[in-house]
Amino acid sequence: MKILLVEDDPLLGRSVKLGLEELGWIVDLAQDGEEGLHIAKNSAFDMFVVDRMLPKLSGVELIRDLREQQINGSAIIITALGSTADKISGLEVADDYIVKPFEMGELVARIKAVHRRSIGKTQAVHAYGNLAINLSEQSVAVNGERLDLTAKEFDLLESLASRQNVVCSRAELSGLLYSFNGEPESNSLDVLLGRLRKKLHAATVEIVTVRSKGFMLRVE
């Protein structure tokens, strides 16, 4: 996926850019609305992640200009403005709206959800042996029995399942746990994987550790 990030805070912009790139996505960074519009006119993007309060051209104005000029791509607004009125006005032009501060995992999950909707993904339930992942309901079942997963456990499993039998690096998966206030504890991914493995004990899939490379969901 190719993403244009428009954020005027240099530290936040670099942090978000790095986190998204570690997931294998291509990310261009602009620091004001006019620069963002110029870049968008000269290159194709799947997703625009835009701060609302930008210099020269606000995030809402930028997205409105993109729509009026028929520049394709979904749009997510990130902002410190969290009132109901702000959200309503933002969602009139954008596909989603995230209030700061937020965790990297939430942004990643929302980007994935918006992207799934944009490509018209009609198959809501994906089966992997006796494991079923329902993307619409954000739920997981084994042999028809629903599992009690946290939001991060679901995101982790969905990421592994979307690349079944392919190794995902530790850095890529840790992107789901990043916070803009700092990196996760060194063992947080291992703890999450341990909990998920226990909950999947009856499934015909296995989360495998590939030494020095990462993890993968083995589906027979």
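**Exercise 1: The five-stranded sheet**

In which sense do strand β1 (residues 2-6) and strand β3 (residues 47-51) pair, and over how many bridges? Work out how this pair fits into its sheet.

*Solution.* Keep in mind as you look that this is a predicted model.

Step 1. Start with the pair itself: β1 and β3 run in the parallel sense and are joined over four bridges. Within this pair, Leu5 stands opposite Val49 in β3.

Step 2. Now widen the view. The pair belongs to an open sheet of five strands, in the order β2-β1-β3-β4-β5, with parallel pairing.

Step 3. Look for the edges. They are formed by β2 (26-30) and β5 (96-99); each has a single partner strand, so one side of each has no neighbour in the sheet.

Step 4. Add the twist: on average, neighbouring strands of this sheet are turned by 20° against each other, ignoring direction.

**Exercise 2: Helices on that sheet**

Find which strands α1 and α2 lie across, then decide how the buried and exposed residues of α2 are arranged.

*Solution.*

Step 1. Helix α1 (residues 10-21) lies across β1 and β2, at about 170° to β2. Helix α2 (residues 33-42) lies across β1, β2 and β3, and its angle to β2 is about 140°.

Step 2. List the buried residues of α2: Gly33, Gly36, Leu37, Ile39 and Ala40. They sit on the same side of the helix, because they cover an arc of only 165° around its axis.

Step 3. Ask what that side touches. The buried residues of α2 pack against β1, β2, β3 and α3 (59-68).

Step 4. Turn to the face directed away from the buried side of α2, and you meet the exposed residues His38 and Asn42.

Step 5. Finish at the start of the helix. Asp32 caps the N-terminal end of α2, with a side-chain oxygen 3.0 Å from the backbone nitrogen of Glu34.

**Exercise 3: The four-stranded sheet and Asn134**

Trace the sheet that contains β7, then describe the surroundings of Asn134.

*Solution.*

Step 1. The strands of this open sheet come in the order β6-β7-β8-β9, and their pairing is antiparallel. Its edges are β6 (125-128) and β9 (145-146); each has a single partner strand, so one side of each lacks a neighbour in the sheet.

Step 2. Follow one pair. β6 and strand β7 (residues 131-134) are antiparallel and share four bridges. Here Tyr128 stands opposite Leu131 in β7.

Step 3. Place the helix: α6 (residues 151-161) lies across β6, β7 and β8 (139-142), at about 110° to β7.

Step 4. Go to Asn134, which is in strand β7. Is Asn134 buried or exposed? Its relative accessible area is 14%; the cut-off for buried is under 20%, so Asn134 counts as buried.

Step 5. Name its company. Apart from neighbours within four places in sequence, Asn134 is in contact with Ala124, Val125, Ser139 and Phe154. Its side chain also reaches the backbone nitrogen of Glu137 at 2.9 Å.

**Exercise 4: A partner for Asp190**

Which side chain does the side chain of Asp190 meet in a polar contact?

*Solution.*

Step 1. Locate Asp190 in helix α8 (residues 188-199). Asp190 is partly exposed, with a relative accessible area of 35%.

Step 2. Setting aside neighbours within four places in sequence, its contacts are Arg170 and Phe215.

Step 3. The polar contact is with the side chain of Arg170, at 3.0 Å.

**Exercise 5: Unusual backbone spots**

Visit Pro101, Asn165 and Ser212, and note the backbone feature of each.

*Solution.*

Step 1. Pro101 is in the loop between β5 and α5 (104-118). The peptide bond from Lys100 to Pro101 is cis, with omega near -5°.

Step 2. Asn165 has a positive phi of about 65°, although it is not a glycine. This residue is in the loop between α6 and α7 (170-174), and is partly exposed with a relative accessible area of 40%.

Step 3. Ser212, also not a glycine, has a positive phi near 65°. Ser212 belongs to the loop between β10 (205-210) and β11 (214-219), where it is exposed, with a relative accessible area of 79%.

Notes: Residues numbered from 1 in each chain as written. Predicted model: local features only at pLDDT ≥ 70, side-chain atom pairs only at ≥ 80, totals over all residues. Heavy atoms only, no water. Pairing = 2+ DSSP bridges. Helix = DSSP H or I, 4+ residues; strand = E, 2+ residues; numbered from the N terminus. Contact = heavy atoms within 4.5 Å. Axes fitted to C-alpha atoms, helices over the stretch in contact; angles between N-to-C directions. Buried < 20%, exposed > 50% of the residue type's maximum accessible area, 1.4 Å probe, protein only. Arc of directions from axis to C-beta. Polar contact = N/O pair within 3.5 Å; in protein donor to acceptor, adjacent residues only side chain to side chain.
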